[in-house]
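Hi,

Here is the structure I promised to pass on. Have a look at it first, and then read my notes underneath.

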Amino acid sequence: MVSYIALGSNLDNPVQQVQQALLSIDQLSKTYLLAHSSLYQSAPMGPQDQPPYINAVAKIHTQLEPLELLDKLQAIENQQGRVRKQHWGARTIDLDIVLYDHTIMQTERLTLPHYGAKERDFVLLPLAEISPELVFPEGDSVSQALQSCVRYDLRKVSQ
Ligand code: ROI
């Protein structure tokens, strides 16, 4: 299955955190990194007394089931020192499954597509960069979503 992962970091050298997470995703069993977006800096959504974020999106091919993939992504978050403290507070790395094939699911652990992705330019713009023709399972396109999403002062920082 093809899946898209949103990456975000705003602590402990965020560019390096995102690059490390991309490497770790590529090394997951049954999983290949097909593409990743540029890295973008964005203003924090949520509490404003935290550093800017670095965001990116990865496109993978995986034979892991959605919850297996979630487990592995949470293991990478833990390896990189993710500590869950304040709600919507700063973090070393956040890995969210935005899309998994055309799966729509709502469970306690995982909602697909990711509930907030379509409202945030720091997910949609990197997504559109690697898959401009992408259509969400509900039938709306990434370019449509981009026109009405909330903006977080996105700036490209590297390829
Ligand atoms: N804000 C930005 N700009 N980027 C993120 O990745 C991000 N992640 C989060 C919260 C705290 C909601 N804010 C964010 O989890």
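Below is what I found, going from the whole fold down to single residues.

A word on the ground rules: this is a predicted model, where local features need pLDDT of at least 70, side-chain atom pairs count only at pLDDT 80 or more, and totals for chains, interfaces and linings use all residues. Residues are numbered from 1 along each chain as its sequence is written, and side-chain values use heavy atoms, with hydrogens and water left out.

**The overall picture**

The protein has 4 helices and 8 strands; these are DSSP runs numbered from the N terminus, with at least four residues for a helix (H or I) and at least two for a strand (E). Going along the sequence, you meet them as β-α-β-β-β-α-β-β-β-α-α-β.

The C-alpha trace spans about 35 × 35 × 30 Å along its principal axes. The radius of gyration is 14 Å, which agrees with the value near 15 Å for a compact globule of 159 residues. That radius is taken over C-alpha atoms, and the globule rule is 2.2 Å times the number of residues to the power 0.38.

How much of the protein is buried? Of the 159 residues, 48% count as such. Here buried means under 20% relative accessible area, exposed means over 50%, and partly exposed is in between (1.4 Å probe, protein chains only). The protein exposes about 8200 Å², and carbon and sulfur atoms supply 50% of that; the areas come from the Shrake-Rupley method with a 1.4 Å probe, and for residues only the protein chains shown count as cover.

As for contacts (heavy atoms within 4.5 Å), take those with a separation of 6 or more: 70% of them are between residues 24 or more positions apart.

**Salt bridges**

The whole structure holds 5 salt bridges, each being a side-chain nitrogen of Lys or Arg within 4 Å of a carboxyl oxygen of Asp or Glu.

One of them pairs Arg109 with Asp71, the closest N and O atoms being 2.9 Å apart. Arg109 sits in the loop between strand E6 (105-106) and strand E7 (111-112) while Asp71 is in helix H2 (residues 66-79), so the pair ties together parts that are 38 residues apart in sequence. Arg109 is partly exposed at 44% relative accessible area, and Asp71 is partly exposed at 41%.

Arg91 and Asp94 also meet in a salt bridge, at 2.9 Å from N to O. Are these two residues buried or exposed? Both Arg91 and Asp94 are buried.

Then there is Asp153 with Arg155, where the closest N and O atoms are 3.0 Å apart. Asp153 is partly exposed at 47% relative accessibility, and Arg155 is partly exposed at 47% too. Finally, salt bridges link Lys118, Glu138 and Asp140 in a network.

**Two residues to look up**

Leu22 lies in helix H1 (residues 14-26) and is buried, with a relative accessible area of 7%. Which residues does Leu22 touch, leaving aside neighbours within four places in sequence? Leu22 is in contact with Leu7, Leu33, His36 and Ala58. From Leu22 to Lys118 is 22 Å, C-alpha to C-alpha, and 96 residues in sequence.

Gln147, in helix H4 (residues 142-148), is exposed, with a relative accessible area of 68%. The C-alpha atoms of Gln147 and Leu124 are 9.9 Å apart, with their positions 23 residues apart along the chain.

Cheers
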